[in-house]
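Visitor: Could you take me on a close look at the pocket side of this structure, and then show me how the surrounding elements are put together? I would be glad of one connected account.

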Amino acid sequence: MNEPPKITTDPPATAVTESDHERQLREMNDALLVASVRQHELAEQAQTAEAGLRQSEARFRELVEQVKDYAIFRTDLEGRAITWNEGVARVLGFAEGEFIGMDVTQAIFTPEDIAAGVPQQEIETATRTGTAHDDRWMRSKDGRRFFALGTTTALKDEQGRVVGFSKVMRDHTRLKRTEDALRHSEEQLRRAIDAAPIPVILHAEDGEVLQISRSWTELTGYRIEDIPTFDAWLGNAYGFGAEAVRERVRELFQGATGMVQVEFEILTRVRERHVWAFSASSPGILRDGRRFVVGMAVDITERKRAEEHTLMLLREVSHRSKNLLAVVQAVARQSSRAEDPKLFVQQFSARVACLAVSQDLLVQNDWRGVDVGDLVRAQLSHNDELIGSRIEIDGPPVRVNPAAAQSLGMAVHELATNAAKYGALSNDGGTVHVSWDVSAGGGAPRYCMSWRECGGPPVATPSRRGFGHTVIGRMVRHALDAEVTIDFAPAGLDWRISAPAAVVVEGATQPGPGRGSR
Amino acid sequence: MTAHVLIVEDEPAIAFEIESSLRQAGYAITACVGSVDKALDVIERRECDIALLDINLRGKSVRPVVTALRRRGTPFLFVSGFERVHLPEQFSDAPLLTKPFDPADLIRCVRQLLAQTP
């Protein structure tokens, strides 16, 4: 019985998933080994090493030469080529004559790899483990670089000493480029989803989350590990509402709908409510046969809030305009009593205009109150030319709330109308002094205002109290909790009010009606 | 027996309009006030059969007044610029007269309200 062949090879050090090319390489390598084994068998059978070797060499050549796509050759321990095949010419560009005896490593490794000691490492690995994979950029005789898929195998003698190396390699450049392009495209897609500015989720029909964008986790506060499955996301973000979303996504997988579009309130990790407009579609089937869904969400919390705010403002505008209509209506009814129709229309029109003036100022100031000086000047615009001469306006900047602006505006209007008709502005020399102040005195601050006339015709207490009197008296008292004194002194009308600043001044403890709250 | 009505309305022109409409119709006015505090003070010290309430009084909700009236079993009517759908939830089933209103409607509402009093 003959001894079993002494040339052995170790299996690859690491088991990796085998690609077609790797399989081909392995088969090629096995073929080489079989050839080597056969060579030794023949040698033993022939008894004479010389004859046997020649014969085996011939067979080996025959086999190797059949292969054109693979460079297959053997080197001695120093890396000098001992054999050559067609593949060497094709892949590496060397003719047999120049190749045999050449220091192969210096010729085919790139200068960078040589500088980094790669050829030595490869030989060491092959010596230690039996085989070294050398998938790397290499160069052919003309300097062209190609991506080589190769294996170096240590050849050992009967004592297990390494006597040389066999190398198998093929030009893998085209496939390498395709693979790189594919990997690049996959990487691009992965990064596009990862960095998508709007939240994106990819999940399979069984719920496994395949990928989730950073914006998704950043906006919700959940970590990737909180969302291993779509169900986990639903449980986290929807609580009781989860079933509705689950149902919609189920419809998507059943093909009932091409695209799902829903608005949902989600809960962030810190239990904040956000409104998400969620769209999902199923672009197809994964390699493993599962269908998958791509979902995207737009956080519309702010937009919803703005919509609600707009609605609130519209309600508020409607509320205010109805209130104002009610005021106009009340003014019309109350000023119509026992006055002649012509006079009524004239006075009523002036009163509506007065309300409009105060409204304008309020709108200009975004309903955040009106400066008293502006209010007084606006209500006295009919007597513009007298301001600064016969009409003296005197007071610090004080911003009164909308209700006070309306009341005080009406009062100033009625006082001015009365002055022009009967009082200090009805002759050529009378004067009016309008002043106001906020006094801190003792206790709560008070808003004080006065209208004092001087130099007009002698004043007598009117026999009948009309609506004007109601406006400057009862109405101011009612609206502002004011103390009001109206003195029909012979020298001129003297009107004074004193009200809690809290009721009059904007932003004080008691804000005016109609600001936001109901 | 003359019914006594409490008017809670901060806008004086409207308050006086309600007041004069009610007086003309033969009702007595318990008080005509423009703030929550004054309304509570009146409810505490004086008897009224029904109350007419604005919802927003100088920026404050009329809610404490509603609570005080409900405690006493005094019927009330909201007179407000708000539509019913925009009323605060706890008020949504109370009778409501929207502004601006026809005085005849006001009197009709008051009459209905008084029919509920014991």
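Guide: Here is a walk that starts at the largest pocket, moves through the strands and cavities of chain A, and ends in chain B. Please keep in mind that this is a predicted model.

Let us begin with the pocket itself. The largest pocket has a volume of about 960 Å³, and 36 residues line it. If you want to place yourself at its centre, look for A:Glu414, A:Thr417, A:Asn418, A:Lys421 and A:Tyr422, which lie nearest to that point. Three helices of chain A each supply at least two residues of the lining: α13 (341–364), α15 (402–421) and α16 (467–480). Of the contributors, α15(A) gives the most, with eight residues. As for the chemical character of the wall, the lining of the largest pocket has 15 nonpolar, 14 polar and seven charged residues.

From there, let us turn to some strands of chain A. Strand β14 (residues 431–439) of chain A pairs with strand β12 (residues 391–394) of chain A in the parallel sense, over four bridges. You can find this pairing at A:Ile391, which stands opposite A:Val432 in β14(A). β14(A) also pairs with strand β15 (residues 446–454) of chain A, this time in the antiparallel sense and over nine bridges. Here A:Thr431 has A:Cys454 in β15(A) as its bridge partner. β14(A) and β15(A) form a hairpin, with six residues between the two strands. In the turn, A:Gly441 has a positive phi of about 30°.

Chain A also has an open sheet of five strands, and it is worth tracing from end to end. The order is β7-β6-β10-β9-β8 (chain A), and the pairing is antiparallel. At the edges are β7 (209–212) and β8 (259–267) of chain A, each of which pairs on one side only. Neighbouring strands of this sheet are turned by 25° against each other on average, direction ignored. At one end of that order, strand β6 (residues 200–204) of chain A and β7(A) are joined in the antiparallel sense by three bridges. A good residue to click on is A:Ile201, whose bridge partner in β7(A) is A:Ile212.

Now for the enclosed spaces. The structure holds three cavities of 30 Å³ or more, and the largest cavity has a volume of about 80 Å³. Among the residues that line the largest cavity are A:Thr75, A:Gly79, A:Val104, A:Phe109, A:Glu122, A:Phe165 and A:Lys167. Three elements of chain A each supply at least two residues of this lining, namely α5 (104–108), α7 (118–129) and β5 (162–171). The largest share, three residues, comes from α7(A). By class, the lining of the largest cavity divides into five nonpolar, four polar and two charged residues.

To cross over to chain B, follow a pair of helices. The axes of helix α12 (residues 301–335) of chain A and helix α1 (residues 12–24) of chain B come within 8 Å and cross at roughly 55°. That angle makes α12(A) oblique to α1(B). The crossing of these two helices, α12(A) and α1(B), is left-handed.

In chain B you will meet another open sheet of five strands, in the order β2-β1-β3-β6-β7 (chain B), with parallel pairing. Its edges are β2 (28–33) and β7 (96–98) of chain B; each has a single partner strand, so one side of each is left without a neighbour in the sheet. The twist from one strand to the next averages 20°. Within this sheet, strand β3 (residues 50–53) of chain B and strand β6 (residues 76–80) of chain B run parallel and are joined by three bridges. B:Leu53 marks the spot, standing opposite B:Phe78 in β6(B).

One last pair of helices completes the walk. The axes of helix α2 (residues 36–45) of chain B and helix α3 (residues 63–72) of chain B come within 9 Å and cross at roughly 15°. This makes α2(B) roughly parallel to α3(B). The crossing of α2(B) and α3(B) is left-handed.

Key. Residues numbered from 1 in each chain as written. Chains lettered and ligands numbered in written order. Predicted model: local features only at pLDDT ≥ 70, side-chain atom pairs only at ≥ 80, totals over all residues. Heavy atoms only, no water. 1 Å grid on protein atoms, 1.4 Å probe; cavity = no way out; pocket = protein on both sides within 12 Å on 5 of 7 lines; lining within 4 Å. Points joined across faces, edges and corners; volume = space filled by probe spheres on them. Nonpolar A, V, L, I, M, F, W, Y, C, P; charged D, E, K, R; others polar. Pairing = 2+ DSSP bridges. Axes fitted to C-alpha atoms, helices over the stretch in contact; angles between N-to-C directions. Parallel < 35°, antiparallel > 145°, perpendicular 65-115°, else oblique. Left-handed = near helix turned anticlockwise from the far one by under 90°.
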